[in-house]
Amino acid sequence: MKSNRYPKFDAGSHFHQVGKTSVSDSIVAQIVDLISRRVLSPGDRLPSERELCRRLGVGRTSVREAIRSLSSQGILVGRVGEGTFVTDPSEHVEKTLEWGMLQQPGSIEDLVETRLLLETAACEWAATRAGSADLAAIAENVERMAGTLDSMPAFGEADVDFHLLIARAAHNQVLYSMVSLTRRSLQEWIRHVLQGKGRSHRADLSLHQHRQILACLQAGDAAASIAAMAEHIQSSLGSLREFAGQPGVVR
């Protein structure tokens with residue numbers, strides 16, 4: 001006789017009747033549809049509550065519920081004295097990712113692996129998609145790094161900008177948001193590494209590796225760009241591990 005591997009579970013008792021769609025849900029669906037069809041774009045201001053009530057033929061309570069729902073999702077944002085606006089979708093993506101990482105923070109190994117995956121992809125795409133203005137901005141940043149070797153806080157800021165400029169040059173907004181978020185999660189550790197023992201050698205090596213990455217991007221060589229970025233990130237992992245292993249460091 002075949003045994004039942006699973007405990008008895010009365011699934012039917014967990015279902016309930018589905019009610020009609022609420023008025024506020026219908027308003028939410030209509031606003032989302034307008035955004036998806038680009039009738040409403042990031043930065044656009046919605047009509048006033050009174051005007052929305054008139055156009056939709058609904059009460060003010062339903063409009064407020066709909067706006068509150070969309071605002072809690074990061075799709076709309078209210079500004080005192082100005083009105084309600086459609087947010088930039090990249091900001092919404094980044095906030096969602098950040099919330100997820102706060103709920104399930106990863107180890108330094110997880111973050112470095114994720115950074116390696118994202119930033120090598122950014123290099124690959126930047127090598128083939130970057131325009132002259134993108135490459136000029138990255139080159140200017142490398143020179144800024146060279147001029148801040150005697151100031152680790154300024155060098156650290158330029159270092160962050162270098163990686164974000166490459167992600168921007170990949171011309172993929174979601175990727176940019178994820179690189180930015182991952183970098184921010186590692187930034188405190190990186191800052192301590194740049195200010196700790198051996199900081200001068202680490203900064204010199206980082207600058208040299210950044211120049212190599214830039215040269216690969218300027219040559220439009222995707223494979224070489226990937227390899228150069230991977231080498232750069234992997235070389236910094238030892239220093240990050242050393243710092244993360246110190247007593248009192250929060251993981």
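In this predicted model, F162 touches I138, N141, V142, M145, H210 and I213, leaving aside residues up to four places away in sequence. Three of the residues named here, F162, I138 and I213, are also among those with the most contacts inside the largest nonpolar core, together with I166 and L217. That core has 34 residues. Six helices each supply at least two of its residues: α5 (108-129), α6 (132-146), α7 (152-169), α8 (173-195), α9 (199-218) and α10 (222-244). The largest share, 9 residues, comes from α7. A second, separate core of 14 residues includes V28, L40, L52 and I67.

## Overall architecture

The protein has 10 helices and 2 strands. Along the sequence, these elements follow the pattern α-α-α-β-β-α-α-α-α-α-α-α. Of its 251 residues, 35% count as buried. Among contacts with a separation of 6 or more, 71% join residues 24 or more positions apart. One pair illustrates how positions separated in sequence are placed in space: R115 and A230 are 115 residues apart in sequence, while their C-alpha atoms are 9.6 Å apart.

## Helix α7 and the loop that follows

With 18 residues, α7 should span 26 Å at 1.5 Å a residue, and the 25 Å between its end C-alpha atoms agrees with this. The buried residues of α7 are M152, F155, G156, A158, D159, V160, F162, H163, L164, I166, A167 and A169. Just after the helix, H171 takes a positive phi of about 55°. H171 is not a glycine, and its place is in the loop between α7 and α8.

## H210 and its surroundings

H210 lies in helix α9. Is this residue buried or exposed? H210 is buried, because its relative accessible area is 0% and the cut-off for a buried residue is under 20%. Residues up to four places away aside, H210 touches V142, M145, D159, F162, H163 and H232. With one of these neighbours there is also a polar contact: the side chains of H210 and H163 meet at 3.5 Å. H163 is itself among the buried residues of α7.

## Helix α1 and its neighbours

Helix α1 covers residues 23-36, which makes 14 residues. From its first C-alpha to its last it reaches 20 Å, close to the 20 Å expected at 1.5 Å a residue. Within α1, S24, I27, V28 and I31 are buried. Where do these residues sit around the helix axis? They lie on the same side of α1, because they cover an arc of only 100° around the axis. What covers the buried residues of α1 includes α2 (49-56) and α3 (60-72). One of the buried residues, V28, also belongs to the second core.

Just after α1, R38 takes a positive phi of about 60°, although R38 is not a glycine. R38 is found in the loop between α1 and α2. R38 counts as exposed, because its relative accessibility is 70% and the cut-off for an exposed residue is over 50%.

## Cysteines and accessibility

The protein has 0 disulfides. For C123, the closest cysteine sulfur is in C216, at 8.2 Å, which is too far for a bond because a disulfide requires sulfur atoms within 2.5 Å. C123 is buried, with a relative accessible area of 0%. Another cysteine, C53, is buried as well, with a relative accessible area of 13%. R115, whose place is in helix α5, is also buried, with a relative accessible area of 4%.

The table gathers the accessibility values discussed in this report.

| Residue | Relative accessible area | Class |
|---|---|---|
| R38 | 70% | exposed |
| C53 | 13% | buried |
| R115 | 4% | buried |
| C123 | 0% | buried |
| H210 | 0% | buried |

Notes:
Residues are numbered from 1 along each chain as its sequence is written. This is a predicted model: local features need pLDDT of at least 70, side-chain atom pairs count only at pLDDT 80 or more; totals for chains, interfaces and linings use all residues. Side-chain values use heavy atoms; hydrogens and water are left out. A nonpolar core is a set of buried Ala, Val, Leu, Ile, Met, Phe, Trp, Tyr and Cys residues joined through side-chain atoms within 4.5 Å. Buried means under 20% relative accessible area, exposed over 50%, partly exposed in between (1.4 Å probe, protein chains only). Helices (H or I, at least four residues) and strands (E, at least two) are DSSP runs, numbered from the N terminus. Contact means heavy atoms within 4.5 Å. The expected span of a helix is 1.5 Å times one less than its number of residues. The arc is that of the directions from the helix axis to the C-beta atoms. A polar contact is a pair of N or O atoms within 3.5 Å; within protein, one must be able to donate a hydrogen and the other to accept it, and residues adjacent in sequence count only if both atoms are side-chain atoms.
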